[in-house]
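Work through these exercises with the model in view. Try each task before you read its solution.

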Amino acid sequence: MDWKAQAGQRLVGGFPGREMNPEFIRLVQKYKIGNVILFEHNVESMSQLRRLCREIQELVRKETGHSAFITIDQEGGVVTRLPEGACNVPGAMATAATGDPENAGILAGITARELKSLGINFNLAPVMDINNNPANPVIGVRSFSDQAETVAEYGRAAVQGYRREHFLSCAKHFPGHGDTAVDSHLGLPVIEKTLEELEHLELKSFRAVFDAGIPAVMASHILFPKLEPDKVPCTMSRRIITDILKNRLGFSGLVLSDCMEMDAIRKYYGTAKGVAASMAAGVDMVFVSHTASLLEEAVLEVYQAVEEGRISTEEMAASAERILSYKKKYAENDISGEGCTAEDRKREREIRRESIVLTRGRIFPLGEKTFFTGCPGFRATLASSADNKAVTFAEYMAERFGGTARAASRNPDSAEISAIVSAAEGADSIVISTYNAHLEPGQRELVRALAAKKIPIMAVALRNPYDLADLPDNVTCIAAWDNTLKTLEALEEMFRGRWMPTGRLPIALGI
């Protein structure tokens with residue numbers, strides 16, 4: 001294999017539709033692109049996805065002589081790519097709220113079996129970031145906890161679950177995306193911590209999963225000025241990727257980039273130049289996840305970097321060989337299986353119920369005089385799945401319990417708040433859902449205004465539990481973690497008294 005074919009093995013591309021388009025096929029044929037990432041926009045149904053994965057493998061094997069890694073972000077909760085009929089599991093923080101680390105292993109096993117049955121062989125999970133900044137707009141409930149020990153414990157269990165299924169998993173986003181208030185999809189975060197400070201918190205969880213045998217790690221698009229003085233993010237920093245991750249921490253598995261089309265790279269460095277710099281830093285697999293023209297630009301930039309000596313041919317060969325060794329172990333044979341069993345689905349439902357937390361107050365009966373409100377779910381970050389459900393929490397519950405449903409906007413102003421409070425006249429109880437209210441202050445103001453009516457009121461946080469901090473004392477507070485149909489169904493059963501919440505917050509909330 002020549003070095004150009006080796007470069008193709010180090011690249012991961014994507015395409016916009018539910019089948020490979022001619023432009024993507026051309027790139028595989030011409031540049032021997034060896035790997036693919038799938039998103040929600042690539043998925044219509046389980047049968048369509050299974051067929052697509054088969055066609056991807058046929059193309060890549062024909063053109064490169066090796067199998068493709070078919071990757072996906074199937075974290076669970078707010079980041080799921082599979083269709084509604086799949087066994088989509090709760091997310092990381094919800095899992096930690098059950099209080100049982102073994103649940104992380106169970107859910108990882110369920111996810112691995114489902115993905116294997118579809119022909120997907122590489123899951124970009126678990127998230128090992130420690131969400132110690134409540135204002136973090138992109139991690140939040142994707143993290144197990146704000147405590148290093150908890151993240152480490154649940155992360156280890158998840159890795160063990162994937163390993164039992166002989167399935168590739170990936171820890172992200174090294175060395176930690178938790179302590180930032182900037183989404184790297186949209187900007188360039190900066191973390192002013194020394195290596196010693198990172199060792200005391202962020203690196204603990206990554207060390208734990210390295211010791212547990214995780215085969216891959218994804219680097220973050222974050223500036224760490226005290227680690228890398230040249231003002232390039234972790235993904236492009238040889239000091240961080242090679243000197244710290246590989247040499248100091250001893251990680252010898254696959255190193256992946258986050259998507260190089262994210263604004264943290266595209267806007268500040270350029271996707272193509274970022275790809276070449278990432279390879280030179282020691283990243284094995286570099287993602288250009290969406291745009292064929294940018295992927296082609298990146299290939300040509302890599303070729304030029306090799307010819308100019310910016311990328312070592314020896315390291316190119318070693319990286320490609322490392323990728324092929326993992327492909328031989330995990331991808332050379334077509335993956336199959338029955339997917340999730342009835343027992344898997346039963347256990348997923350049980351864990352979802354166990355994750356829901358009553359943080360304060362009491363659950364009261366609902367009926368025809370209950371007023372339901374709250375904003376629809378929205379795509380809080382580009383990492384999240386699109387929230388395209390036709391029915392909101394308020395509509396869903398009003399249809400099942402009677403009462404009145406009134407939608408609220410994402411960040412209601414004083415006029416809208418007054419109108420919603422007026423619409424609640426005559427109600428004997430109120431249930432309001434929130435969705436990232438800790439970052440959308442109008443939602444919290446609406447809760448406060450409704451709580452002033454002095455009738456029973458419940459607030460249900462359908463994403464980050466930080467929404468529930470600083471609410472009036474008379475508000476019953478429930479953390480439910482996501483806005484999926486499965487969670488709405490579980491909440492309906494809870495409101496009917498069929499089960500009572502037993503979860504415990506894995507973060508500090510102060511209520």
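**Exercise 1. Buried or exposed: which word fits Lys 116, and what does its side chain meet?**

Step 1. Lys 116 has a relative accessible area of 16%. Buried means under 20% relative accessible area, exposed over 50%, and partly exposed in between, with a 1.4 Å probe and protein chains only. Lys 116 is therefore buried.

Step 2. The side chain of Lys 116 meets that of Glu 165 in a salt bridge, at 3.3 Å from N to O. A salt bridge is a side-chain nitrogen of Lys or Arg within 4 Å of a carboxyl oxygen of Asp or Glu.

Step 3. Place the partners. Glu 165 lies in the loop between α6 (148-164) and β5, and Lys 116 in helix α5, so the pair ties together parts that are 49 residues apart in sequence. Helices (H or I, at least four residues) and strands (E, at least two) are DSSP runs, numbered from the N terminus. Glu 165 is buried too, at 17%.

A note on the model: it is predicted, local features need pLDDT of at least 70, side-chain atom pairs count only at pLDDT 80 or more, and totals for chains, interfaces and linings use all residues. Residues are numbered from 1 along each chain as its sequence is written, and side-chain values use heavy atoms, with hydrogens and water left out.

**Exercise 2. How many salt bridges are there, and which parts does the pair of Arg 113 and Asp 344 tie together?**

Step 1. The count is 38 salt bridges.

Step 2. Arg 113 and Asp 344 meet through their side chains at 2.8 Å, N to O. Arg 113 lies in helix α5 (residues 102-118) and Asp 344 in helix α14 (residues 342-355), so this pair joins parts 231 residues apart in sequence.

Step 3. Check exposure. Arg 113 is partly exposed, at 24%. Asp 344 is buried, at 8%.

Step 4. Turn to Glu 44 and Arg 18. Their closest N and O atoms are 3.9 Å apart, and they form a salt bridge. Glu 44 lies in the loop between β2 (35-38) and α3 (46-64), and Arg 18 in the loop between β1 and α2 (22-31), so the pair links parts 26 residues apart in sequence. Glu 44 is exposed at 52%, while Arg 18 is partly exposed at 44%.

Step 5. Look for a network. Salt bridges link Asp 73, Glu 75, Arg 81, Arg 142 and Lys 172.

**Exercise 3. In what order do the strands of the open sheet run, and which are the edge strands?**

Step 1. The open sheet has 8 strands, with parallel pairing. Two strands pair if DSSP finds at least two bridges between them.

Step 2. Read the order: β4-β3-β2-β1-β8-β7-β6-β5. The edge strands are β4 (122-123) and β5 (170-174), each pairing on one side only.

Step 3. Look inside the sheet. Strand β1 (residues 11-13) pairs with strand β8 (residues 285-288) in the parallel sense over 3 bridges. Leu 11 stands opposite Val 286 in β8.

**Exercise 4. Stacked or tilted: classify the pair of Phe 15 and Phe 24, then that of Tyr 326 and Tyr 330.**

Step 1. Rings of Phe, Tyr and Trp (its six-membered ring) pair if their centres lie within 6.5 Å; planes under 30 degrees apart count as stacked, over 60 as edge-to-face and the rest as tilted. The structure holds 11 aromatic pairs.

Step 2. Phe 15 and Phe 24 have ring centres 5.1 Å apart and planes at 50°, so their pair is tilted. Both Phe 15 and Phe 24 are buried.

Step 3. Tyr 326 and Tyr 330 are stacked, with 6.3 Å centre to centre and 10° between the planes. They are 4 residues apart in helix α13 (residues 313-330), about one helical turn. Tyr 326 and Tyr 330 are buried.

Step 4. Ring pairs also link Phe 174, Phe 206, Phe 210 and Phe 251 into a cluster.

**Exercise 5. How many disulfides are there, and which cysteine sulfur is nearest to that of Cys 53?**

Step 1. A disulfide is a pair of cysteine sulfur atoms within 2.5 Å. The count is 0 disulfides.

Step 2. For Cys 53, the nearest cysteine sulfur is that of Cys 340, 15 Å away. Cys 53 is buried, at 1%.

Step 3. Cys 477 is in no disulfide either; the nearest cysteine sulfur, that of Cys 375, is 16 Å away. Cys 477 is buried, at 0%.
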